[in-house]
Amino acid sequence: MKLFPHSLFSRLVMIFLVVLIVAQGISLTIVLQDRGEFLSRTSGVQSVRRIADTVILLDTANVSERERLVKLLSSPVMRVVLSPEATSLKSLRPPRDKNDSPQAVMFSSILQRILGRDREIRLAVLDPQQGDAVGRHRGRLHASVFVQVRLQDGSWAIFDSQLQPEAWTWPYRAMLSVLVLIVTVVLLAVFGVRWVTRPLKNFSIAATELGKNINRPPLPETGPLEVAQAARALNGMQMRLSRYLHDRTRILAAMSHDLKTPITRMRLRAELLDDEPIREKFIRDLSELEKMVTGTLDFMRGIETTEVIQPLDINALIESLQDDARESGHSIEMIGHASAPYPCRPQAMKRCLSNLLENAIKYGSSAQVQVMQLPASLHIVISDQGTGVPEHELERLFDPFYRLESSRNRDHGGTGLGLTIARSIAEQHGGTLTLKNGFKTGLECHLDLPLRT
């Protein structure tokens with residue numbers, strides 16, 4: 001099954017090609033068979049006419065002249081032998097025998113018409129498989145006509161006429177014609193199938209891009225009727241999903257914003273409590289709740305896609321984040337560089353890299369950024385020197401508000417939305433964000449961003 005093509009275009013072309021080759025192979029076989037039979041009959045008719053002319057010539061010659069004529073007329077193609085009696089051969093039958101082949105009947109009719117109805121004739125058409133019946137036919141590769149004719153003086157003339165080899169040669173012109181036909185039809189099939197399947201390919205690309213950018217331009221509703229209907233359905237689904245996501249984002253953002261006011265009032269009331277331990281617990285819980293609300297608002301802003309795409313100098317962006325970390329007393333090492341500006345949403349990309357670097361510094365005290373410019377993508381690896389994460393927990397770190405109960409917990413601050421926002425931004429740009437444990441220690445964030453064409 002590995003050799004079986006996977007794309008619809010390849011499968012349709014293969015079906016056209018296989019059906020065409022099979023059909024032309026059957027047609028060519030039939031043509032070759034008919035042609036062989038026709039040429040064999042034509043060659044046999046010529047041999048039979050030559051035999052009839054030789055019999056007439058032998059009838060008019062005396063005994064001494066016959067011997068000389070037999071030597072002159074004998075050749076590798078037709079052997080002539082004079083005999084006082086007929087040779088015994090089971091394949092030989094009188095003309096018009098009901099068991100004779102159509103070819104033998106036709107040859108006998110020609111001889112009877114030329115030599116007369118009262119002439120005694122015995123004839124057989126021998127193919128190579130029948131050659132063992134007579135010693136002289138052993139080793140023959142072609143069919144032959146074996147004829148015995150009684151001469152006017154009662155003796156017999158025996159003819160062994162081999163059919164001409166030309167009757168069995170390959171019809172190169174017919175084969176060339178079939179080859180030209182196959183090549184022409186295949187080229188037309190490739191063009192036609194590509195024309196028909198191109199809307200499906202565009203539909204597939206649009207469906208893939210829809211998962212990366214819900215606000216992408218609608219798919220043109222053109223092409224065959226079925227494809228146009230599918231494009232119309234996809235555009236309708238995109239519109240409904242976009243409206244749903246917009247409404248959900250707006251509602252969550254409004255709720256998070258409105259929660260700030262009662263949280264502030266509760267903080268003020270907590271400050272009035274006389275019991276200091278309880279007051280501190282209230283304030284700590286309210287601070288955590290406020291961070292979650294702020295983080296939710298940041299998450300809502302992070303998944304917005306209204307920002308215009310424009311080229312961004314990734315090297316300069318990382319260097320500016322290096323300076324910010326240095327002012328805070330932290331170290332960020334940069335290895336490699338991007339060879340060209342990357343087209344993206346600048347503020348969103350800055351937020352993505354900032355979240356990843358803040359995580360690395362928070363849980364590993366320092367960060368290392370490795371930038372690799374690949375032919376089809378920009379690959380960025382951010383690693384820290386922390387304790388790493390259990391393998392089964394790596395994917396869960398992208399869940400909103402999820403934090404580990406070990407070293408990566410609330411004591412380090414944060415709300416558990418940094419990686420969620422970073423992955424959302426990466427996917428908006430058609431990229432991926434994955435986590436891996438380092439070779440020795442720490443955690444590695446692999447950000448892969450495809451180059452836009």
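In the predicted model, L447 touches C352, L353, L378, H379, I380, A426, T432 and L433, leaving aside residues up to four places away in sequence. L447 lies in strand 11 and counts as buried, because its relative accessibility is 0%. The C-alpha atom of L447 is separated by 8.7 Å from that of R423, a residue 24 places away along the chain.

Strand 11 (residues 443-450) is joined to strand 9 (residues 377-384) by 7 bridges, and the two strands run antiparallel. Within this pairing, L378 has L449 of strand 11 as its bridge partner. Strand 11 is also joined to strand 10 (residues 432-437), here by 6 bridges and again in an antiparallel arrangement. In this second pairing, T434 stands opposite H446 of strand 11. Strand 10 and strand 11 form a hairpin with 5 residues between the strands, and G442 in this hairpin takes a positive phi near 85 degrees. In a regular strand, side chains alternate between the two faces of the sheet.

Both R423 and A426, mentioned above in relation to L447, are among the buried residues of helix 9. This helix spans residues 418-428, and 9 of its 11 residues are buried, so helix 9 is largely enclosed by the rest of the structure. The other buried residues of the helix are L419, T420, I421, A422, S424, I425 and Q428. Helix 9 is followed by G430, which has a positive phi near 80 degrees.

C352, one of the residues touched by L447, was examined together with C445 for disulfide formation. The count of disulfides comes to 0. C352 is in no disulfide, and the nearest cysteine sulfur, belonging to C445, is 9.2 Å away. Because a disulfide requires cysteine sulfur atoms within 2.5 Å, the 9.2 Å from the sulfur of C445 to that of C352 is too far for a bond. Both cysteines are nevertheless buried: C352 has a relative accessibility of 1%, and C445 has a relative accessible area of 6%.

Charged side chains form 6 salt bridges in the structure. One of these brings together the side chains of R66 and D153, with an N to O distance of 2.4 Å. R66 lies in helix 2 (residues 63-73), whereas D153 lies in the loop between strand 3 (144-150) and strand 4 (156-162), so the pair ties together parts that are 87 residues apart in sequence. The two partners differ in their exposure: R66 counts as buried at 8% relative accessibility, while D153 is partly exposed, with a relative accessible area of 48%.

A further salt bridge is formed within helix 7 (residues 314-327), where R326 and D323 are 3 residues apart and therefore separated by about one helical turn. The closest N and O atoms of R326 and D323 are 2.8 Å apart. D323 is partly exposed, its relative accessible area being 38%. Elsewhere, salt bridges that share partners join E120, R122 and R150 into one network. Within this network, the side chains of R122 and E120 meet at 3.6 Å, N to O. R122 is partly exposed, with a relative accessible area of 30%, and E120 is likewise partly exposed, at 31%.

At the surface, L176, L179, V180, V183 and L187 make a nonpolar patch of about 470 Å². L176 is found in helix 4, which covers residues 172-212. With a relative accessibility of 51%, L176 counts as exposed, because the exposed class begins over 50%.

Considered as a whole, the chain has 9 helices and 11 strands. Of its 453 residues, 39% count as buried. The chain exposes about 27,100 Å², of which carbon and sulfur atoms supply 59%. Among contacts between residues at least 6 apart in sequence, 63% join residues at least 24 apart.

Definitions and conventions. Residues are numbered from 1 along each chain as its sequence is written. This is a predicted model: local features need pLDDT of at least 70, side-chain atom pairs count only at pLDDT 80 or more; totals for chains, interfaces and linings use all residues. Side-chain values use heavy atoms; hydrogens and water are left out. Buried means under 20% relative accessible area, exposed over 50%, partly exposed in between (1.4 Å probe, protein chains only). Helices (H or I, at least four residues) and strands (E, at least two) are DSSP runs, numbered from the N terminus. Contact means heavy atoms within 4.5 Å. Accessible areas come from the Shrake-Rupley method with a 1.4 Å probe; for residues, only the protein chains shown count as cover. Patches are made of residues with over 30% relative accessible area and no salt bridge: like charges are joined within 9 Å, nonpolar side chains (Val, Leu, Ile, Met, Phe, Trp, Tyr) within 5 Å. A salt bridge is a side-chain nitrogen of Lys or Arg within 4 Å of a carboxyl oxygen of Asp or Glu. Two strands pair if DSSP finds at least two bridges between them.
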